[in-house]
Amino acid sequence: MRIPCPHCGARDAQEFAYRGDAAPSRPDLDSGQAAFADYVYLRDNPAGHIQEYWHHTQGCRAWLIVTRDTRTHAIFSARFAGERGE
Amino acid sequence: MVEPLSPLLPVAPSYSPTGDASEICAETRGAAIASLHVRPDDISLGAPLPAPGRMTRGETFTLISTGPCTYFAVSDGADPMFGAQLAATAAGARIADQSGAYVLMRIHGGQARAILQKGVFIDLHPDVFTPHAAALTRCGRISVVLWRADEALEYGVAVPRSYARSFLDWFAFACRAGTVARRRDCHRQRHL
Amino acid sequence: MSEFRLPSGGAIDRTKPLRFSFDGVDYEGFAGDTLASALIANGKHFVARSFKYHRPRGILSAGPEEPSALITLAHGEHEEPNALATTTWLRNGLTARSQNNWPSLDLDLMAINGWFAPFFAAGFYYKTFMWPGALWERLYEPLIRRAAGLGKLNAQPDERCYDSAHVFCDLLVIGAGPAGLACALAAARAGLRVLLIEQDRALGGRLLSENHVIDGAASATWLERIEAELASLPSVTILRDTTLFAAYDHGAFAALERIEDGYAQQRLWRIVAKRTVLATGAHERPIVFGGNDAPGVMLASAVETYASRFAARAGDAITVFTTTDSGWRAAQNIANSGARIVAVIDPRMDASFDRAALCDAMGAKLFSGAHIAGVRGKKRVRAIDIVDRSGSRHVLRTDIIAVSGGWNPAIGIGCHLGARPIWSDAIHSFVLPSDAAHVSPIGAAAGHFSLTNALMDGANAANLAAEALGKTNTPPVIFTADQENVSVTPLWRVKDSNSKAFVDLQNDVTDFDISLAAREGFTSVEHLKRYTTLGMGVDQGKTSNVNGFALLAEASGKDIAEAGTILARPPYAPVAIGAFAGMHRDEHFRPTRFTPSHEWAEERGAVFVDAGEWKRAQWYPIEGESDWLQSVTREASAVRSAVGICDVSTLGKIEVQGPDAGALLDFVYVNRMSNLQPGRVRYGLMLREDGFALDDGSVARFSDQHFFITTTTANAARVMQHLDFCRQVLRPDLDVSTASATEQWAQYSVAGPKSRALLQRLLPTLNISNAVFPHMSALMTQWRGIPLRLYRLSFSGELAYEIAAPAHYGDALMRALFECGAEFGVTPYGTEALGVLRIEKGHAAGNEFSGQTTAHDLGFGRLLSLKRDYIGRVMAERAALTDPMRLRLVGLRPVDPQMRLTSGAHLLPIGAAPSASVDDGYVTSVAFSPSLSHWIALALVRNGPNRLGERLRFYDPVRGGNGEVELCAPVFVDPTGERVRG
């Protein structure tokens, strides 16, 4: 598997660490436990496009959001996670 | 003044597969290194900031791109206060001296690229990894900073100090594994 | 020369004889032979016993598709089972033996299994060994395993050396037959970086065994020319003897190279290609007829290859049984090589060429519209029964049956990413669908069987790749070749056979098994495979699947296109696990990390322990000490009474800099850090977002915008990644940077009542008096021209410091510390004494930070800030995580002071029968306390802190521990903490 790091270029997946679904965003402090429980535990499992966090641990150390198709493993884009898009 | 100690001293300061000094992985001693975090628009360091995957040469040090807004400065001299001095001249940059954190190696000789490519999963073809190219990647199982300083097909490698012996061990294995001399139980001993 | 070696021709070197042994008998072959060709040249066909029925088996093919000729190769002590005789190159001294027989190949008593064939039919073990279940493990499975199976491992370590390498290319060409060669050459001429991979040692594919005319020249001449041009082009890399065995996502592939005389015997290539062409050719298909598994039944193309490439006659009287035009071409080629064809049997009534004339030329009988109904001879074909077009039977003496039932494109690699093959009525086999985008099949792999088509495909694929990669204006490359007939009329099986007709030779699956499976409802190809084992094993059905699926379609009344085929998965051919490990095995399993003063510790005779990748000094035995506990107790006592030094360089260390450094730390620690004064240190606790404890360490502040934090050794990488996430993803609004400094600082704990005196000697001009540099202080200074950092903090409960120098000066600092400490009786202490000291002080460490404990559990509840947001804040407040009835940290002391405590022991109410239902907690850390002279422990106990003084049963059935312990506060030494402030 090759991940197109926006800083380093395409690299083997072994250089990266996987974190998982990038869709949930961290609730505010006063959102309550239910909102945090959703954030921490609840994940969709889409057949199709998914955005996921990957950390380029053995490269530039950037956290990325990689858009992947769960059915084909095709990767459509990878961008710095700090630049929240859409 | 205290003398610095090479982590490779107990094994060998270098490894040459042929015993010939023209084919070698050798420690480059006497350099100072610092890591920098720089916002591109607010710093003048005395060397142009390199683009991702590149290195640039300043008057007294080389800058290597290591990540978004992060760089390595590698000086020619071994000043123990390099990091502090750099911080004094580059206000606004966050600087951490890393001179102790890395061992610099130089890999050269006719087989340099072929041997390195055994451990490195980035394309080292001379048209792709061109002069002044630099990369953070893994070699074998060790994270390294790798660069090509000039036209020559030789490489600079910064290896985290604690891994230096294992790196040289990997290098020796990679050299041997490409040779024709048959030897058994090669995994039961140090390759050096 | 051996009897079956042809006097001339072939690509063997008759000047280089090689000795080898098979089943203890010595034979001779030549350089250029495979083990199979050398055996055939020696008249040896019966080389194996079959999987289930132990029937005699021979050599079916001349390539990697071989299902039968599996042998065991000796590599010193280690034996490699299931090697293919057909792809093993002969070398001097090669030692091979047959497998799956007892006591010998010739007299195999297990052949008795054949008499019980009815029991061994499809799904037999699902049906036969059902009851009683208890017998399965003890009786049935060992029985089956001994009787059935392939080769066995001899349990000796694999001493072979495996190399690995990476390679990148514009165009990957898998297979160097005519199509692959044409493609590689055209692509290289167009300026692409080409990687050409060939499983054979020689390039050419079918051209190595056939004679054609290409571009007006003999194909052998053309081949030489192409090879020379490819070798001259620096943009072309050719890997021979290399099997591409897997396709992965995003243009990544893996291949295994076999190296004849290397330090390494195999090399694993990891490949990244922008485009890939599949030029793997096709495998010839056997015909299913009674007795078709006897030694002497071979693929026609294999008989042809052995005759023309290896100059080995398969037999004295060869019969060709073909439903294809290519079978006829093979027959002519075999005859031309000097072997004798006695008959050609073609079930087809007609062909587009004059078959009678060809037979006349070869001196062979023609049986048109006929088939083979039976084979006579068990260990070797002796004669065959032919049923002719009129239905009458003939017996023909023959010792080789060369079978050609059609061709199956070798498309396995094309399926690895999930493309499902589709049926082609044109070639009567499966081809890749056009959307198998990661590889483009060409030539025979695409079902284009004529040489002209193969060459054309190659050139076209190269042009497409060049265009796609932006190389335009390249001159078109055109090759022309002679025309050939490639028609096939499949005969899926001979129905009037009088004995077992095998579909899968490797797994002993017959046509009967397949119809049985269909009758029992296993009509999907995937079910068929699992029920009958069709297509399993080493060869993964390369010669059997298509026949099997055709028979399934027939038996279940389906169309074969509808029945479909299975998805091939990696690896395409077996790969030893050692090849994936490469150098990373035994002591090289993972890299080893050494601290800057490792040599110093070695000089002091340290015993080292693996802490992750690190080597850490565990204790330093001195003369007269025979027991580790003796050394550790002495070291810990020295810290309590004088001064000791411990290498803590392995701690994770991170520089945190920038105007928002304090704000970031406030976000990751439960306790506030932004109000820490410069020059001060604070203990910090981190949670995971789910509210459980993540890690702890110290936070020092050197200036307004510069903090320095430490993590535990085990969590260094994880915390760094966590900070990266918090900084980059959760709080990109903060202007702060982090840099790992773990490798930069050699750090030593200097602990004990005399530690200040020691440091004062090292740094005589620095004021580190208690008033100026109190507990939890930090400063930067210099020592002999190098930067130094000094922290006053304590893990041992004594007056203590941590002192740090850049790693390349760590050794010098360590030696200087010991010089300065000599007069104070300084003692080096290792990780064990470190553990004793922290357990005496009740400090939680790795054993307590288990991922299942909360801040409350570990006694840190009071640290949790209630005024601000931080990682884990909300989830940590959940009722279940703050419930006092949770397992919480306490100390334990044995009621009997002689009793030894062990970690992992469980704590139960006294008098209760041991059971998980009454479990009250467990012991996490134990130590022999030099201060108290008895064993002490830390434990997680239900509602522990509210039960101090209670007694519980200490129960360790694994190690035989049993006794009473009393719950106590976890701080065993200096509970008021006076010493650290002294």
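Q: What does C:Glu554 count as, and at what relative accessibility?
A: C:Glu554 counts as partly exposed, because its relative accessibility is 37%. The classes are buried under 20% relative accessible area, exposed over 50% and partly exposed in between, with a 1.4 Å probe and protein chains only. The model is predicted: local features need pLDDT of at least 70, side-chain atom pairs count only at pLDDT 80 or more, and totals for chains, interfaces and linings use all residues. Residues are numbered from 1 along each chain as its sequence is written, chains are lettered from A and ligands numbered from 1 in the order in which they are written, and side-chain values use heavy atoms, with hydrogens and water left out.

Q: Which residue does C:Glu554 form a salt bridge with?
A: C:Arg493, with the closest N and O atoms 3.1 Å apart. C:Glu554 is in helix α13 (residues 545-556) of chain C and C:Arg493 in the loop between α10 (451-468) and β29 (502-504), so the pair ties together parts 61 residues apart in sequence. A salt bridge here is a side-chain nitrogen of Lys or Arg within 4 Å of a carboxyl oxygen of Asp or Glu. Helices (H or I, at least four residues) and strands (E, at least two) are DSSP runs, numbered from the N terminus.

Q: And C:Arg493, what does it count as?
A: C:Arg493 counts as partly exposed, because its relative accessibility is 25%.

Q: How many salt bridges does the structure hold over all chains?
A: There are 67. One of them joins C:Asp163 and B:Lys118, with the closest N and O atoms 2.6 Å apart. C:Asp163 sits in strand β8 (residues 162-174) of chain C and B:Lys118 in helix α2 (residues 112-119) of chain B, so this pair joins two chains.

Q: Are C:Asp163 and B:Lys118 buried or exposed?
A: Both are buried.

Q: Where do C:Arg530 and C:Glu526 lie?
A: Both are in helix α12 (residues 525-532) of chain C, four residues apart, which is about one turn of the helix. Their side chains meet in a salt bridge, 2.7 Å from N to O. C:Arg530 is partly exposed because its relative accessible area is 34%; C:Glu526 is partly exposed too, with 24%.

Q: Which residues do salt bridges with shared partners join into one network?
A: The network consists of B:Lys118, C:Asp163, C:Glu257 and C:Arg267.

Q: Changing topic: how many residues are in the largest nonpolar core?
A: It has 58 residues, and those with the most contacts inside it are C:Leu35, C:Tyr306 and C:Ile341. Helix α1 (residues 35-41) of chain C gives the most to this core, six residues. A nonpolar core is a set of buried Ala, Val, Leu, Ile, Met, Phe, Trp, Tyr and Cys residues joined through side-chain atoms within 4.5 Å.

Q: What is C:Tyr306 in contact with, leaving aside neighbours within four places in sequence?
A: Its partners include C:Thr34, C:Ile40, C:Ile59, C:Met298 and C:Ala312, where contact means heavy atoms within 4.5 Å. Apart from the largest core lies another one of 57 residues, among them C:Leu195, C:Trp269, C:Ile411 and C:Val439.

Q: What about C:Gln747, where does it lie?
A: In strand β39 (residues 745-751) of chain C. C:Gln747 is buried, because its relative accessible area is 1%. Its C-alpha is 4.2 Å from that of C:Ala804, although the two are 57 residues apart along the chain. Beyond neighbours within four places in sequence, C:Gln747 is in contact with residues including C:Cys646, C:Phe708, C:Tyr791 and C:Ala804.

Q: Which residues of α17(C) are buried?
A: Among them are C:Leu629, C:Val632, C:Glu635, C:Val639 and C:Arg640. Helix α17 (residues 628-641) has 14 residues and reaches 20 Å from its first C-alpha to its last, close to the 20 Å expected at 1.5 Å a residue. The expected span is 1.5 Å times one less than the number of residues.

Q: Last one: how many helices and strands are there in chain A?
A: One helix and six strands, in the order β-β-β-α-β-β-β along the sequence. The C-alpha trace of chain A spans about 40 × 30 × 25 Å along its principal axes. Of its 86 residues, 48% are buried. Among chain A contacts between residues at least 6 apart in sequence, 43% join residues at least 24 apart.
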